[in-house]
Amino acid sequence: MSGRFRFKCGRCLEVYSHDLGCDFRVCLAPGPSDSGPSEVELSEEDLSVDFVTEEQIDLDEIIREQIYLSLPMKCLCREDCPGLCPVCGADLNKAKCECQPEKGHPGFSKLRALRLKGD
Ligand SMILES: [Zn+2]
Ligand SMILES: [Zn+2]
């Protein structure tokens, strides 16, 4: 399977294309019939087998699964994409803004004003 896919960068929201491809093998076997025992123990090997219960095989479903499996964990237009400014929202790939990025996690900003007795 190979193809060109369009992703949205997780940092700057820009749409970019990326080639994806993978080799895969799928084993299809007739599914356990309804009249058989309800619990069938699956061996290690069986886990890589897809069961077919209908007369037709849905290849779309199989390929879709492979695409999902080969998607990157993080979609980035490039490895060092600086993303959007957290203050003004400017795309830092296109223009630098004048904002001073706050140091540290914003959730802890109040703690910076905290003074303990004896300081
Ligand atoms: Zn980006
Ligand atoms: Zn900014």
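Here are some worked exercises on the predicted model shown above.

**Exercise 1. List the elements of the protein chain in order, starting from the N terminus.**

*Solution.* Start by counting: the protein chain has one helix and four strands. Now walk along the chain from the N terminus, and the elements read β-β-β-β-α.

**Exercise 2. Find out how E1 and E2 are paired, and over how many bridges.**

*Solution.* Strand E1 covers residues 2–8 and strand E2 covers residues 15–21. The two strands pair in the antiparallel sense, over seven bridges. For an example, pick phenylalanine 7: the bridge partner in E2 is tyrosine 16. Together E1 and E2 form a hairpin, with six residues between them. While you look at these strands, remember a general rule: in a regular strand the side chains alternate between the two faces of the sheet.

**Exercise 3. Describe leucine 13: where is it found, and is it buried or exposed?**

*Solution.* First, locate leucine 13: it is in the loop between E1 and E2. Next, check the backbone: phi is positive here, about 70°, although leucine 13 is not a glycine. Finally, count neighbours. There are 12 other C-beta atoms within 10 Å of leucine 13. A residue is exposed if that count is 12 or fewer, so leucine 13 is exposed.

**Exercise 4. Check whether the span of helix H1 agrees with its number of residues.**

*Solution.* Helix H1 takes in residues 59–70, which is twelve residues. The expected span is 1.5 Å times one less than the number of residues. For H1 this gives 16 Å. The end C-alpha atoms are 17 Å apart, which agrees.

Now ask how many of the twelve residues of H1 are buried. The count is zero, so by the cut-off of 20 or more neighbouring C-beta atoms within 10 Å, H1 is hardly covered. E1 is also hardly covered, with zero buried residues among its seven. For the whole protein chain of 119 residues, buried residues make up 1%.

**Exercise 5. Explain why valine 52 counts as partly exposed, and say which residues it touches.**

*Solution.* Valine 52 sits in strand E4. Inside 10 Å there are 13 C-beta neighbours, so valine 52 counts as partly exposed. Leaving out residues up to four places away in sequence, valine 52 touches Leu28, Ala29, Pro30, Gly31 and Ile57. Take proline 30 from that list: it is 22 residues away from valine 52 along the chain, yet their C-alpha atoms are separated by 4.9 Å.

Compare glutamate 55, which lies in the loop between strand E4 and H1. This residue has 5 C-beta neighbours inside 10 Å, so it counts as exposed. From glutamate 55 to proline 30 is 25 residues in sequence and 9.7 Å in space, C-alpha to C-alpha.

**Exercise 6. Follow the segment after H1 and find what cysteine 81 touches.**

*Solution.* Begin with leucine 71, in the segment after H1. Its C-alpha atom is 9.6 Å from that of glycine 21, and the two are 50 residues apart along the chain. Cysteine 81 is also in the segment after H1. With 17 C-beta neighbours inside 10 Å, cysteine 81 counts as partly exposed. Not counting residues up to four places away in sequence, it touches Cys9, Arg11, Cys12, Leu76 and Asn93. Between cysteine 81 and cysteine 9 there are 8.7 Å, C-alpha to C-alpha, for a separation of 72 residues along the chain.

Key
Residues are numbered from 1 along each chain as its sequence is written. Chains are lettered from A and ligands numbered from 1 in the order in which they are written. This is a predicted model: local features need pLDDT of at least 70, side-chain atom pairs count only at pLDDT 80 or more; totals for chains, interfaces and linings use all residues. Two strands pair if DSSP finds at least two bridges between them. Two residues are in contact if their C-beta atoms, placed from the backbone, lie within 7 Å.
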